[in-house]
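User: Please take a close look at one part of this model and explain it in a connected way for someone in their first year. Please say also what each term means as you go.

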Amino acid sequence: MGIHPRDGVSRKSRRTTLAGLLAVAVLGAQPYDLVLQGGHVIDPKNQIDGVRDVAIAGGKIARIAERIPASEARQRINVQGLYVTPGLIDMHVHVYLITGQKGLVGEVSVLPDAFSFRSGVTTMVDAGTAGWRNFGDFRQRIIDRARTRVLAFLNIGGVGMSSEGENDVRDMDPEQAARTARAHRDVIVGFKVAHYDKDEWPDVDNALAAGRATGLPVMVDFGWTGQQRTLETLLTGKLRPGDIYTHCYSGHRAELLADNRLNPAMWEGRKRGILFDVGHGAASFYWNIAVPAVEQGFYPDVISTDLHGGSMNAGMKDMLNVMSKMLALGIPLADVIRMSTWAPAQAIRRPELGHLDPGAVADVAVLRLERGSFGFLDAAGARHPGDRRLVAELTIRGGSIVWDLNGLAAADWKTFPYRPRQRPK
Ligand SMILES: [Zn+2]
């Protein structure tokens, strides 16, 4: 019988009782806190794609092997028939939730924990909702309080995403942005530009200056194109290898030409090492762009949602829905997992994340691949059929079970050690 995680007793109090001493003696024979048994592990970094047991101890991945004896773990969970992957990394979300401040995109942000674990996500990367002027507030009120690991691209506009701020050139200060990124180097992973609407480059140029000063990548939502501000110049002249082009299947910036051929600038950018991110959102993923692009072999480097209030209940829905769409496009499952784990970890230069190395933090997703007749909507509301859908059965964050759809880790209620109920006075 497993020990229910919610009933976990702290090490300190355990030592204070006789029962605790016995427990410690037993734990000595059981080096692992938890073993996931018999699941199909897909760990792209380590090129594992087969049935393995996964042992977790002290919040870290302890061991992956074809068979780990059940007697070596305090808790065992049978995950046969399910996929076991590194915890998913959603590299493009908006989680700086503020209500009652009109014009700030915080108004349409969501709380990270409300969406992450239920779709297998253990790390979210906010894409520029805050800038250097309000990053401290974002950190204090959201990042430091979430159970989800929240990282961020810092907007080059001082107040982040707002109806005015992203076009206010005077408030695009690369030095302040770089200073803020250094002060919060544990959570800021790069810079973001978005929605700039004139035929010039101050947004991109200032973000690149901040990127050069800190050695961090820049993520670009290209906003509007113009005579000078073309996709070709961005991808072949401006961005550096490792910079990120998000909304790659939006079609808003001539990613696909009129004859349905992929813009050669996209291939050229890929050759130069620029990374292409899905960033689905409410208006940035269309089947009539994605299908021909993928048919021509242009897969995304990274899968992400662009989660916010406007996308959460529309075609996007959540990370696993976007990943299922990639399956519907014909991208193999192992690639879809790589694009949602190890690929984003590398893109944000956090090589300690996105894999199941022994010693890595135990962020794990246990996914069910459902088969049936499904439909997937794009941002226009058009449907694409699919026969597979990914669902999160179990999500583990730092060794703790934070999502358990069907109670795989739980004891049956008939044998559950309920505490005696207090009689109401
Ligand atoms: Zn976005």
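Analyst: D306 is buried, with a relative accessible area of 7%, where buried means under 20% relative accessible area, exposed over 50% and partly exposed in between, calculated with a 1.4 Å probe on protein chains only. This is a predicted model, in which local features need pLDDT of at least 70 and side-chain atom pairs count only at pLDDT 80 or more, while totals for chains, interfaces and linings use all residues. Residues are numbered from 1 along each chain as its sequence is written, and side-chain values use heavy atoms, with hydrogens and water left out.

D306 is located in the loop between helix 9 and helix 10, where helices (H or I, at least four residues) and strands (E, at least two) are DSSP runs numbered from the N terminus. The backbone of D306 has a positive phi of about 55°, although D306 is not a glycine.

D306 also takes part in a metal site, because the zinc ion is coordinated by H92 (NE2), H94 (NE2) and D306 (OD), at 2.1 to 2.4 Å, and donors are N, O and S atoms within 2.8 Å of the metal (3.2 Å for Na, K and Ca). Water is not among the atoms, so sites may look incomplete. Along the chain, the donors of the zinc ion follow the spacing H-x1-H-x211-D. The pair H94 and D306 therefore links distant parts of the chain, since H94 lies in the loop between strand 6 (88-93) and helix 3 (112-115), whereas D306 lies in the loop between helix 9 (287-295) and helix 10 (319-328), 212 residues apart. Like D306, H94 counts as buried, because its relative accessibility is 2%.

The positive phi of D306 can be set beside that of R349, which has a positive phi of about 60° although it is not a glycine. R349 is found in the loop between helix 12 (342-347) and strand 13 (364-377). What is the exposure class of R349? At 39% relative accessibility, R349 counts as partly exposed, whereas D306 is buried at 7%.

To sum up this part, D306 is a buried residue in a loop, with a positive phi, and the OD of D306 coordinates the zinc ion together with the NE2 atoms of H92 and H94.
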